[in-house]
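Welcome! Here are some short exercises, each with a solution that you can follow step by step. Please take a look at the model before you start.

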Amino acid sequence: MKARVESFIARHYLLESGRLVLVALSGGADSVALLLVLHELGYPLEALHCNFHLRGKESDRDCQFAEDLCRQMGVPLKVKHFQTAEYARHHEQSIEMAARELRYEWFVERLHETGAQAVAVGHHVDDQAETLLLNLLRGTGIRGLAAMHPRQGHVVRPLLCTSHADILAYLRDKGQPYVTDSTNLVPDTRRNFIRLHIMPLLSQMQPNAPHALARTASLVQEALPYYQRGVEELMNQAGFAADSLQLESFRRAGSPSLLLHEWLAPYGFNPATTADIARHTECQTGTTWTSATHRVVADRGRLLLRPIHQEVSAPCMRMQTVDAIGHTGPEVAYFDADLITLPLHTRLAQTGDWFVPFGMKGRKLLSDFLTDCKADPVTKAAQYVVCHGEDIIWVVGRRSDNRYRVTASTRRILRIEQIESTD
């Protein structure tokens with residue numbers, strides 16, 4: 001196995017000799033084999049063990065095993081304790097997702113602290129086959145069929161060339177014990193169900209089923225650069241931009257669902273949502289779809305892709321009384337100071353807001369005014385106004401209110417300027 005892993009590392013340029021490698025060490029067979037084989041290959045190592053405190057005494061047993069193993073091998077070990085269940089509740093995540101997030105956040109921290117070249121994890125051929133099947137069931141498209149890459153960022157997978165059976169044989173030959181996570185033996189997650197029930201059935205039909213599925217993933221990975229170039233060309237023809245889509249061009253293009261998936265999948269949109277968007281490309285302006293981090297909004301023949309901000313920062317204002325109107329621009333507004341009682345307050349626009357736009361006599365709904373300004377729904381939702389009591393006196397960056405304008409009889413002028421925050 002050592003020679004096979006060494007060849008795989010060289011073929012995919014995973015690691016450089018002489019530079020520190022961090023090894024994710026759970027204590028299970030895969031991570032123990034990974035630590036041993038990288039140690040045999042002469043890489044300087046630091047092992048990382050996560051205690052998620054989810055399995056009581058078994059979690060502590062695994063931690064003790066990792067400490068004993070690293071002491072025997074002379075490999076430095078760092079242990080991190082997590083309150084995983086509490087974290088999952090606070091972030092409204094599954095335990096599995098919370099543990100993964102905590103784990104990789106810590107790995108990134110250690111990379112920065114140590115200057116290590118990579119974090120090595122113990123995924124192997126069987127894991128690759130399971131991942132491909134999971135992604136196939138999720139409908140994740142071509143990229144999902146590529147499953148796990150040998151290198152993804154700073155994470156490397158040197159054991160993707162070997163099976164779990166080969167790993168067990170390697171440990172047996174070494175006389176090296178390992179621990180078993182009892183939760184992996186219960187089909188209570190999709191991955192465990194596939195591992196415990198689906199893969200054995202597939203292996204009855206095709207003895208080398210995991211290798212065949214992993215081979216498919218490898219071929220898809222090789223094809224991805226060519227696929228990407230073709231998709232980019234089609235997306236350009238179909239009216240896609242980084243943050244918007246022209247629907248008329250899109251409707252004339254072929255493979256609309258594929259192109260939408262390629263556009264939105266990197267921003268967390270699942271296949272069901274993407275399919276719903278594809279079915280409703282003639283929807284009403286303002287129709288919105290969301291992922292955890294982004295939203296897609298329909299706006300007059302376009303789809304707009306925008307990040308979701310937890311809060312929109314209020315603009316910083318500078319107010320002063322001046323003798324005359326000076327510099328003008330969208331960031332500055334002037335008012336008759338004698339018509340205004342301080343303090344003023346700034347807030348986001350609300351449904352039903354109205355004002356009297358400068359140069360007009362009648363009032364106008366703010367939403368209609370913003371529509372006339374060609375503001376899209378996302379921009380409308382982030383629009384701030386300055387208020388004098390209940391009256392809007394300035395739609396920030398756009399128009400002041402005619403009722404508070406400077407006239408020939410004005411004695412004192414209030415100048416309000418939007419400035420950059422110093423935070």
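## Exercise 1: Two hairpins around one strand

In the hairpin of β17 and β18, three residues lie between the strands, and G397 takes a positive phi near 80 degrees. Before going on, note that this is a predicted model, in which local features need pLDDT of at least 70 and side-chain atom pairs count only at pLDDT 80 or more, while totals for chains, interfaces and linings use all residues. Residues are numbered from 1 along each chain as its sequence is written, and side-chain values use heavy atoms, with hydrogens and water left out.

Your task: find how β17 pairs with β18 and with β16.

Step 1. Strands (E, at least two residues) and helices (H or I, at least four) are DSSP runs, numbered from the N terminus. Two strands pair if DSSP finds at least two bridges between them.

Step 2. β17 and β18 (residues 399-400) run antiparallel and are joined by two bridges. W394 has S400 in β18 as its bridge partner.

Step 3. On the other hairpin, β16 (residues 384-388) and β17 pair in the antiparallel sense over four bridges. Here C387 stands opposite I392 in β17. Two residues separate these strands, and G389 takes a positive phi near 65 degrees.

Step 4. Put together, the open sheet has four strands in the order β13-β16-β17-β18, with antiparallel pairing. Its edge strands are β13 (345-348) and β18, each of which pairs on one side only.

## Exercise 2: Buried or exposed?

Your task: decide whether Q383 is buried or exposed, and why β17 counts as largely enclosed.

Step 1. Buried means under 20% relative accessible area, exposed means over 50%, and partly exposed lies in between (1.4 Å probe, protein chains only).

Step 2. Q383 sits in the loop between α15 (377-381) and β16. With a relative accessible area of 6%, Q383 is buried.

Step 3. Contact means heavy atoms within 4.5 Å. Leaving aside neighbours within four places in sequence, Q383 is in contact with R347, L348, A349, L370, V395, V396 and R398.

Step 4. As for β17 (residues 391-395), four of its five residues are buried, so the strand is largely enclosed by the rest of the structure.

## Exercise 3: A helix and its cover

Your task: check the span of α5, then find what covers its buried residues.

Step 1. The expected span of a helix is 1.5 Å times one less than its number of residues. For the 20 residues of α5 (residues 95-114) this should be 28 Å, and the end C-alpha atoms are 28 Å apart, which agrees.

Step 2. The buried residues of α5 are A98, A99, L102, Y104, W106, F107, R110 and L111.

Step 3. Their cover includes β1 (21-24), β2 (45-51), β3 (77-81), α4 (84-90), β4 (118-120) and β6 (155-156).

Step 4. Just after α5 comes G115, whose phi is positive, near 70 degrees.

## Exercise 4: The six-stranded sheet

Your task: give the strand order of the open sheet formed by six strands.

Step 1. The order is β3-β2-β1-β4-β6-β5, and the pairing is mixed. The edge strands, β3 and β5 (151-152), each pair on one side only.

Step 2. β2 and β3 pair in the parallel sense over five bridges, and N51 stands opposite H81 in β3.
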